[in-house]
Amino acid sequence: MTAKADTPRLPDGYEFSADLARIDIDRTHHWLATDAYWAIDRPRDKHERAVANSLNFGVYDTASGEQVAYARVVTDEASFAWLCDVYVDRSVRGKGIGTAMVGAVRDHLAPLGLRRLLLATSDAHGVYAKLGFEPLDRPDQWMLHRFGPSNQVRA
């Protein structure tokens with residue numbers, strides 16, 4: 001994978017990986033189920049299924065090998081991808097790890113020739129805008145079907 005010129009670099013001491021075997025399922029489940037507004041109380045089995053059926057990415061402390069950030073992509077690997085479950089451990093926030101990770105994910109997906117990479121965020125529009133994400137041109141063309149209660153917002 002070659003980084004685009006505008007992809008921020010990870011700080012020294014951290015590395016990006018797309019290796020599923022490196023994903024710390026316990027840690028990522030804990031982060032999402034206890035501290036991510038979109039996934040609070042997500043059951044462990046649902047997290048395991050999501051990981052198994054997605055592309056998964058992590059950032060790791062090179063000294064300890066400990067995972068410090070996570071992102072997941074749901075995709076057909078041909079035309080569409082959805083970036084979700086982006087999380088950076090609170091202990092390393094503010095170092096640019098999240099921005100660099102999302103840039104690396106975008107660069108990892110680029111060779112697939114996708115038409116769209118979508119995401120949803122309530123609070124990080126500025127972070128994603130730095131990497132070329134923009135609001136939908138025609139949100140009136142997009143629709144949503146919710147399974148379960150209509151007020152349910154968790155993934």
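The following exchange walks through the cores, a surface patch and the salt bridges of a predicted model.

Trainee: Which element gives the largest share of the largest nonpolar core?

Mentor: The largest nonpolar core holds 26 residues, and among them Phe16, Val59, Leu83, Ile97, Met101 and Val105 touch the most other members. Two or more residues come from each of β1 (14-17), β2 (55-61), β3 (67-75), β4 (80-88) and α3 (97-109). The largest share, seven residues, comes from α3.

Trainee: How many residues are in the second, separate core?

Mentor: Apart from the largest core, there is a second one, whose members include Ile23, Trp31, Ala36 and Tyr70. The number of residues in this second core is nine.

Trainee: Is Thr99 buried or exposed, and what is its relative accessible area?

Mentor: Thr99 has its place in helix α3, and, once residues up to four places away in sequence are set aside, Thr99 touches Pro8, Val127 and Leu131. Buried means under 20% relative accessible area. Thr99 falls under that cut-off and is therefore buried, with a value of 13%.

Trainee: How much accessible area does the nonpolar patch on the surface have together?

Mentor: One member of the patch, Trp82, lies in strand β4, and Trp82 counts as partly exposed at 33% relative accessibility. The other residues that form the patch with Trp82 are Val74, Phe80, Leu136 and Trp142, and their accessible area together with Trp82 is about 410 Å².

Trainee: Why does the salt bridge between Arg27 and Glu66 tie together parts that are apart in sequence, and how many residues apart are they?

Mentor: The side chains of Arg27 and Glu66 meet at 3.0 Å, N to O. Arg27 is partly exposed, with a relative accessible area of 22%, and Glu66 also counts as partly exposed, at 39%. Because Arg27 lies in helix α1 (residues 25-35) and Glu66 in the loop between β2 and β3, the pair ties together parts whose separation in sequence is 39 residues.

Trainee: Which residue forms a salt bridge with Arg106?

Mentor: Arg106 counts as buried at 12% relative accessibility, and its partner is buried too, with a relative accessible area of 4%. The closest N and O atoms of the pair are 3.1 Å apart, and the partner is Asp107.

Trainee: Which residues do salt bridges that share partners join into one network?

Mentor: A search of the whole structure finds eleven salt bridges, one of which brings together the side chains of Arg22 and Glu15. The network that arises from shared partners is made up of Asp24, Arg27 and Glu66.

Notes
Residues are numbered from 1 along each chain as its sequence is written. This is a predicted model: local features need pLDDT of at least 70, side-chain atom pairs count only at pLDDT 80 or more; totals for chains, interfaces and linings use all residues. Side-chain values use heavy atoms; hydrogens and water are left out. A nonpolar core is a set of buried Ala, Val, Leu, Ile, Met, Phe, Trp, Tyr and Cys residues joined through side-chain atoms within 4.5 Å. Buried means under 20% relative accessible area, exposed over 50%, partly exposed in between (1.4 Å probe, protein chains only). Helices (H or I, at least four residues) and strands (E, at least two) are DSSP runs, numbered from the N terminus. Patches are made of residues with over 30% relative accessible area and no salt bridge: like charges are joined within 9 Å, nonpolar side chains (Val, Leu, Ile, Met, Phe, Trp, Tyr) within 5 Å. Accessible areas come from the Shrake-Rupley method with a 1.4 Å probe; for residues, only the protein chains shown count as cover. A salt bridge is a side-chain nitrogen of Lys or Arg within 4 Å of a carboxyl oxygen of Asp or Glu. Contact means heavy atoms within 4.5 Å.
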